[in-house]
Amino acid sequence: MDTGWLAACGLDCGPCEIRLAPADEAAARVVVDWFRSQGWLAEGEGMAQVLERKMYCTGCLGSRETHWSADCWILTCCVDERGRDNCAQCEQFPCPRLVDWAGQNEGYGAALARLQRLHAGSGMPPA
């Protein structure tokens, strides 16, 4: 499994428009439109303001200045406190808090499933 753009939580950041926006014109249009719909950009503001305000993401192992959710509890636990790249590398995987998080929606459930496949291939015993 390619883990190059795998978030600590198991989300696949590869196709994420927020990550791609600085270098991909189509992704930038999607992001700017969404940011305007959320009130985060005013009419007339665009990608220049996104870049200036660092409103894009470089992934969980990138700079926190350019992380979509720099205060994410999973990022803090996994990367900061345990020194891991993703939760599948943890001795306590899957922890109850991660399982609860994964139950919130289909995307989070798929992220946990991705981590479970990665964990199974690592030879690490389940917690």
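## A cluster of rings

Ring pairs tie Trp34, Phe35, Trp40 and Trp68 together into a cluster. Before we go further, keep in mind that this is a predicted model.

How many aromatic pairs turn up when the whole structure is searched? The search finds seven. One of them joins Trp34 and Trp40, and this pair is edge-to-face, with 5.1 Å from centre to centre and 85° between the planes. Trp34 has a relative accessibility of 35%, so it counts as partly exposed. Trp40 comes out at 38%, so that residue counts as partly exposed too.

## A stacked pair

Now look at Trp101 and Tyr108. Why is this pair called stacked? Their ring centres are 4.1 Å apart and their planes meet at 15°, so the pair is stacked, because planes under 30 degrees apart get that label.

Is Trp101 buried or exposed? With a relative accessible area of 8%, Trp101 is buried, because the cut-off for buried is under 20%. Its partner Tyr108 has 24% relative accessibility and therefore counts as partly exposed.

## Charges over rings

Some rings have a charged neighbour sitting over them. The charged end of Arg19 is over the ring of Trp5, 3.9 Å from the ring's centre. You can also find the charged end of Arg97 over the ring of Trp73, again with 3.9 Å to the centre.

## The nonpolar cores

Trp101 shows up again here. The largest nonpolar core is made of 21 residues, and the ones with the most contacts inside it are Ala8, Ile74, Cys87, Phe93, Leu98, Trp101 and Leu115. Which elements give two or more residues to this core? They are helix 4 (73–81), helix 5 (96–102) and helix 6 (106–122). Apart from this core lies another one, with 12 residues, including Ile18, Ala28, Leu41 and Tyr56.

Leu98 is a handy residue to click on in the largest core. Setting aside neighbours within four places in sequence, Leu98 is in contact with Trp73, Ile74, Cys87, Phe93, Leu112 and Leu115. Trp73 is a residue you have already met, with the charged end of Arg97 over its ring.

## The largest pocket

The largest pocket has a volume of about 430 Å³. It is lined by 21 residues, and the closest to its centre are Cys9, Leu11, His67, Trp68 and Ser69. Trp68 is also part of the ring cluster we started with. Which helix gives the most to the pocket lining? That would be helix 4, with three residues.

## His67 and Thr66

Where is His67 found? Look in the loop between helix 3 (47–52) and helix 4. His67 has a relative accessible area of 12%, so it is buried. Leaving out neighbours within four places in sequence, the contacts of His67 are Tyr56, Cys57, Gly59, Cys60 and Leu75. Tyr56 is among the residues of the 12-residue core.

Thr66 has its place in the loop between helix 3 and helix 4 as well. At 7% relative accessibility, Thr66 counts as buried. Not counting residues up to four places away in sequence, Thr66 touches Lys54, Tyr56, Cys57, Thr58 and Gly59. Want a distance to try out in the viewer? Thr66 and Gly83 are 17 residues apart in sequence, and their C-alpha atoms are 19 Å apart in space.

Technical notes:
Residues numbered from 1 in each chain as written. Predicted model: local features only at pLDDT ≥ 70, side-chain atom pairs only at ≥ 80, totals over all residues. Heavy atoms only, no water. Core = buried A, V, L, I, M, F, W, Y, C linked by side-chain atoms within 4.5 Å. Buried < 20%, exposed > 50% of the residue type's maximum accessible area, 1.4 Å probe, protein only. Helix = DSSP H or I, 4+ residues; strand = E, 2+ residues; numbered from the N terminus. Contact = heavy atoms within 4.5 Å. Phe/Tyr/Trp six-rings, centres within 6.5 Å; stacked < 30°, edge-to-face > 60°. Lys NZ or Arg CZ within 6 Å of the ring centre and 35° of its normal. 1 Å grid on protein atoms, 1.4 Å probe; cavity = no way out; pocket = protein on both sides within 12 Å on 5 of 7 lines; lining within 4 Å. Points joined across faces, edges and corners; volume = space filled by probe spheres on them.
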